[in-house]
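Here is a walk through one chain, from its overall outline down to single residues. Keep the 3D view open and follow each element as it comes up.

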Amino acid sequence: MNFSRFPLRINIGFLINAPVGTNRDFEFELPTLRYHPDQEFHDFKGTARVTRTQQGLFVQGDFETMVTSECVRCLAEFVQPLQTTFSELYAFDQRSITESNLLVPPDGYIDLGPLVREYLILEIPIRPICREDCKGLCPICGEDWNASTCEHQHGSSSQD
Ligand SMILES: [Zn+2]
Ligand SMILES: [Zn+2]
């Protein structure tokens, strides 16, 4: 079983020959969605609705997951929830292709993995913060101001 290498691969062969308007929901629930060792998402779940259209297969994804981030203020690791919703057309041929450049693969399987990854990455904040009011570390002595205080802590808490 090497399904786990492509956990988001779906069989859409039957939709190619189905009447326009036919759709199918593909549900996913994965404890871990791993792209490579330092890029993992946890508690991944959601649905991809695939609809047969004239031009191709229209995919509407709705997913949520958790990712471990490092707070830019206090450097602590924390778990960040992510949510993404997207729509993309996998075209039957070049004439209908969108700027996303997706074609229905001839083997009848679509691997949503790369697409989902792109959308999830967009949802990760560039400057993740463990919580809205994280006080950060003292720039002088490194004390974690969330846990305690130090002699350098005066009024100016404009860390970010
Ligand atoms: Zn923090
Ligand atoms: Zn200090």
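Domain bounds here come from an automatic or database domain assignment. For this chain, that assignment gives domain 1 (3–123) and domain 2 (134–160). The model is predicted.

Start with the two domains. How far apart do the C-alpha centres of domain 1 and domain 2 lie? The distance is 41 Å. There is some contact across the divide: four residues of domain 1 touch seven residues of domain 2.

Now take the overall dimensions. Along the principal axes, the C-alpha atoms fill a box of roughly 70 × 35 × 20 Å. The radius of gyration is 21 Å, whereas a compact globule of 160 residues would be near 15 Å. Burial can be put as a fraction: 16% of the 160 residues count as buried. Look also at contacts with a sequence separation of 6 or more. Residues 24 or more positions apart account for 54% of them.

Next, the secondary structure. The chain has two helices and six strands. Read from the N terminus, the order is β-α-β-β-β-β-β-α.

Four of the strands build an open sheet. Its order is β2-β3-β4-β5, and the pairing is antiparallel. β2 (23–36) and β5 are the edge strands. Each has a single partner strand, so one side of each lacks a neighbour in the sheet. From one strand to the next, the twist averages 15°. The helix α2 packs on this sheet and touches β2, β3, β4 and β5. Its direction makes about 135° with that of β5.

Go through the sheet pair by pair. β2 and β3 are antiparallel and share twelve bridges. Here E29 has K45, in β3, as its bridge partner. β3 and β4 also run antiparallel, joined by nine bridges. In β4, F63 stands opposite G46. These two strands, β3 and β4, form a hairpin with three residues between them. The pairing of β4 with β5 is antiparallel too, with 15 bridges. V59 is bridged to E88 in β5.

β4 and β5 form a hairpin as well, with six residues between the strands. L75 lies in the loop between them. What is notable about the phi of L75? It is positive, about 65°, although L75 is not a glycine. As a rule, most residues other than glycine have a negative phi. Is L75 buried or exposed? It counts as exposed, because it has 12 C-beta neighbours inside 10 Å and the exposed class takes in 12 or fewer.

N101 can be read in a similar way. It sits in the loop between β5 and β6 (109–111). Its phi is near 65°, a positive value in a residue other than glycine. N101 counts as exposed because it has 8 C-beta neighbours inside 10 Å.

Turn from the loops to the interior. In soluble globular proteins, nonpolar side chains tend to be buried together. The largest nonpolar core in this chain has 19 residues. Which residues have the most contacts inside it? They are V50, L57 and Y90. β3 (39–52), β4 (56–70), β5 (77–91) and α2 each supply at least two residues of this core. Select Y90 and look around it. Leaving out residues up to four places away in sequence, Y90 touches G56, L57, V59, L102, L103, V104 and I110. V59, one of these contacts, is the residue already seen as the bridge partner of E88.

Finish with Q153, in the segment after α2 (113–123). By its number, Q153 falls within domain 2 (134–160). Why is Q153 classed as partly exposed? It has 15 C-beta neighbours inside 10 Å, and the partly exposed class lies between the exposed limit of 12 or fewer and the buried limit of 20 or more. Beyond its neighbours within four places in sequence, Q153 is in contact with C138 and W145. Now trace a line from Q153 to N17. The two are 136 residues apart in sequence. In space, their C-alpha atoms are 68 Å apart.

Note on methods: Residues numbered from 1 in each chain as written. Chains lettered and ligands numbered in written order. Predicted model: local features only at pLDDT ≥ 70, side-chain atom pairs only at ≥ 80, totals over all residues. Contact = placed C-beta atoms within 7 Å. Rg over C-alpha atoms; globule rule 2.2 N^0.38 Å. Core = buried A, V, L, I, M, F, W, Y, C linked by C-beta atoms within 7 Å. Pairing = 2+ DSSP bridges. Axes fitted to C-alpha atoms, helices over the stretch in contact; angles between N-to-C directions.
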